[in-house]
Amino acid sequence: NALTIGGAMAGKNKTLSILEFAKVEVNVDTIVVHSFNGESWVTKSIKIDGTSATGSFCVNPSELVKALKTLAEEYVTFTLGGSVLVIEHIKGTMEMPIAEANAFPTAQVTNEGVSINLSVDKLKEWFSIASDFVAQDELRPIMNGMYLYAKDGALGVCATDAHKLWHDTMESECGEFGVILPSSSFKPLLSMLDGTNEISVVIGTKNISFNTSDSQLHCRLIE
């Protein structure tokens with residue numbers, strides 16, 4: 001789950017080879033997985049039983065998930081061995097190539113901005129529906145996202161691919177704003193929302209942030 005959510009943006013940017021990977025930070029009692037596609041940054045943390053060492057490395061999250069799904073064990077042991085990650089399980093070991101974490105970009109994010117109140121259920125509804133209406137048009141990137149706005153006591157959303165359009169509103173006391181969220185944020189956000197009842201949403205001048213107790217998604221807005 002941590003690799004699926006935290007690694008959701010890996011492989012989406014072909015400009016920097018390091019972005020094919022997710023960055024994994026190992027702390028005393030937590031593992032934090034980060035990925036970045038050049039526009040959006042997602043982070044997921046999980047509790048672990050404990051570790052004898054701390055540090056960070058980069059790994060292809062989808063390949064690691066595939067490897068772990070072949071194992072029946074609920075628990076495995078990870079050991080860093082130079083340029084490989086050694087996975088110890090009941091029948092033996094397997095290895096995954098890793099890269100140094102110092103080449104991975106540092107997140108430049110902030111939670112400063114306008115906070116809005118939205119329920120988890122309403123966010124799930126809006127982003128699930130919007131996924132069916134946004135365009136996939138490189139020549140018109142403004143069509144490749146969901147318009148989120150507040151005006152005249154209403155909070156609303158709109159998405160269109162120029163052939164079909166969807167619009168919905170709800171009452172809100174938010175101050176006026178209007179932003180476009182990239183469609184690349186929809187799937188990781190929906191994954192974040194599973195299993196949580198609380199989320200905070202902060203809209204900045206160029207970014208929007210979604211925060212739960214163990215996950216964060218920071219998206220650059222479409223201008």
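Is Cys58 buried or exposed? Select Cys58: at 0% relative accessibility, this residue counts as buried (buried is under 20% relative accessible area, exposed over 50%, partly exposed in between, with a 1.4 Å probe and protein chains only).

Before going further, note that this is a predicted model, in which local features need pLDDT of at least 70 and side-chain atom pairs count only at pLDDT 80 or more, while totals for chains, interfaces and linings use all residues. Residues are numbered from 1 along each chain as its sequence is written, and side-chain values use heavy atoms, with hydrogens and water left out.

**Cysteines**

Stay with the cysteines. The structure holds zero disulfides (a disulfide is a pair of cysteine sulfur atoms within 2.5 Å). Select Cys158 and Cys174 together: Cys158 is in no disulfide, and its nearest cysteine sulfur, that of Cys174, is 18 Å away.

**The S5-S6-S7 sheet**

Next, show the cartoon and select residues 77–81, which make up strand S5, and residues 92–97, which make up strand S7. Helices (H or I, at least four residues) and strands (E, at least two) are DSSP runs, numbered from the N terminus. S5, S6 and S7 form an open sheet in that order, with antiparallel pairing (two strands pair if DSSP finds at least two bridges between them). S5 and S7 are the edge strands, each pairing on one side only. From one strand to the next, the twist averages 25° (axes are lines fitted to C-alpha atoms, for helices over the stretch in contact, and angles run from 0 to 180 degrees between N-to-C directions).

Add strand S6, residues 84–89, to the selection: S6 and S7 pair in the antiparallel sense over six bridges. To see one bridge, pick Ile87, whose partner in S7 is Met94. Then add residues 61–69, helix H2, which packs on the sheet and touches S5, S6 and S7 (contact means heavy atoms within 4.5 Å). The direction of H2 makes about 170° with that of S7.

**Val120 and helix H3**

From Met94, go to Val120, which lies in helix H3. The two residues are 26 apart in sequence, and their C-alpha atoms are 39 Å apart in space. Val120 is buried, with a relative accessible area of 7%. Leaving aside neighbours within four places in sequence, the contacts of Val120 are Leu193, Thr196, Asn197, Glu198 and Ile199.

**Salt bridges**

Remain in helix H3, residues 120–130, and select Lys122 and Glu125. These two residues form a salt bridge, with the closest N and O atoms 3.4 Å apart (a salt bridge is a side-chain nitrogen of Lys or Arg within 4 Å of a carboxyl oxygen of Asp or Glu). Why are Glu125 and Lys122 separated by about one helical turn? Because they are three residues apart in helix H3. Glu125 is partly exposed, at a relative accessible area of 35%. Adding Asp168 completes a network of salt bridges that links Lys122, Glu125 and Asp168.

A search of the whole structure finds 10 salt bridges. For another one, select Lys206 and Glu223, where the closest N and O atoms are 3.2 Å apart. This pair links distant parts of the chain, 17 residues apart: Lys206 is in the loop between strand S13 (200–203) and strand S14 (207–211), and Glu223 is in the segment after strand S15 (215–220). Lys206 is partly exposed at 48% relative accessible area, whereas Glu223 is exposed at 74%.

Now select Lys23 and Glu25, which form a salt bridge with closest N and O atoms 3.6 Å apart. Here Lys23 is buried, with a relative accessible area of 17%, and Glu25 is partly exposed, with 24%.

**Loops between strands**

Move to Ser172, in the loop between strand S11 (165–171) and strand S12 (177–182). Ser172 is buried, with a relative accessible area of 17%. A polar atom of the Ser172 side chain lies 3.1 Å from the backbone nitrogen of Cys174. Beyond neighbours within four places in sequence, Ser172 is in contact with Gly153, Ala154 and Leu155.

One last pair of stops concerns backbone angles. Asp152 lies in the loop between strand S9 (145–151) and strand S10 (154–160). Its phi is near 55°, a positive value in a residue other than glycine. At 67% relative accessibility, Asp152 counts as exposed. Finish at Ala162, in the loop between S10 and S11, where phi is near 80°, again positive in a residue other than glycine. Ala162 counts as partly exposed, at 47% relative accessibility.

Notes
Polar contact = N/O pair within 3.5 Å; in protein donor to acceptor, adjacent residues only side chain to side chain.
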